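I set out to record which open spaces this protein model contains and which residues line them. My entries follow the structure shown below.

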Amino acid sequence: MTDGTQRHAADGMDDVVALLMRQHGEIRNLFDEVERSTGDDRRDAFRRLVRMLALHETAEEESCEFVQLRRRTGAHRLARVAKAVKAAEAMAPTHPHPGVETAAKNIMAGPMAAMIDRTRDTIRKTMGRDG
């Protein structure tokens, strides 16, 4: 692989996983921007977020990586991975937390942030507020 090809793959242009992960990062950044913005800036950030989510969802549905994954992975392994994903979701924070975008930082701060988020969510729900 030439240096140019390596750079091209590294920037996510040839690698679907890198591309989708980059989009996930952009989505997290847009959530953060919506969270910290107000007024017209918040509305604009929200519109960009909605657009990015729509594009990303469409890309993930029209790509073939899930079909290939299912073809090449046994049902037992897929079920184990699904359980791991569900466990991660159950322990994950429910709101964005700027500064913990890396996997290592998420592992360190995630459980505490998740507990705080879920407590806050429960209190808000109990008080009749959903935001």
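I took a pocket to be an open set of grid points with protein on both sides within 12 Å along at least five of seven lines, and a volume to be the space filled by probe spheres set on those points. I note at the outset that the model is predicted.

Entry on the second largest pocket. I looked up the volume of the second largest pocket and found about 310 Å³. I then listed the lining: Phe66, Leu69, Thr73, Arg77, Leu78, Val81, Ala82, Val85 and Glu89. Helix H4 (65–72) and H5 are the elements that give two or more residues to this lining. H5 provides the largest share, 6 residues. By class, I recorded 6 nonpolar, 1 polar and 2 charged residues in the lining of the second largest pocket.

Entry on the largest pocket. I turned next to the largest pocket, which holds about 880 Å³ of space. It is lined by 25 residues, and Arg28, Ala92, Pro93, Val100 and Asn106 are the closest to its centre. I asked which helices each supply at least two residues of this lining. They are helix H2 (16–36), helix H5 (75–91) and helix H6 (103–126). H2 gives the most, with 7 residues. I sorted the lining of the largest pocket by class and obtained 14 nonpolar, 6 polar and 5 charged residues.

Entry on H5. I note that H5 gives two or more residues to the lining of the second largest pocket and supplies at least two to that of the largest pocket.

Methods: Residues numbered from 1 in each chain as written. Predicted model: local features only at pLDDT ≥ 70, side-chain atom pairs only at ≥ 80, totals over all residues. Heavy atoms only, no water. 1 Å grid on protein atoms, 1.4 Å probe; cavity = no way out; pocket = protein on both sides within 12 Å on 5 of 7 lines; lining within 4 Å. Helix = DSSP H or I, 4+ residues; strand = E, 2+ residues; numbered from the N terminus. Nonpolar A, V, L, I, M, F, W, Y, C, P; charged D, E, K, R; others polar.
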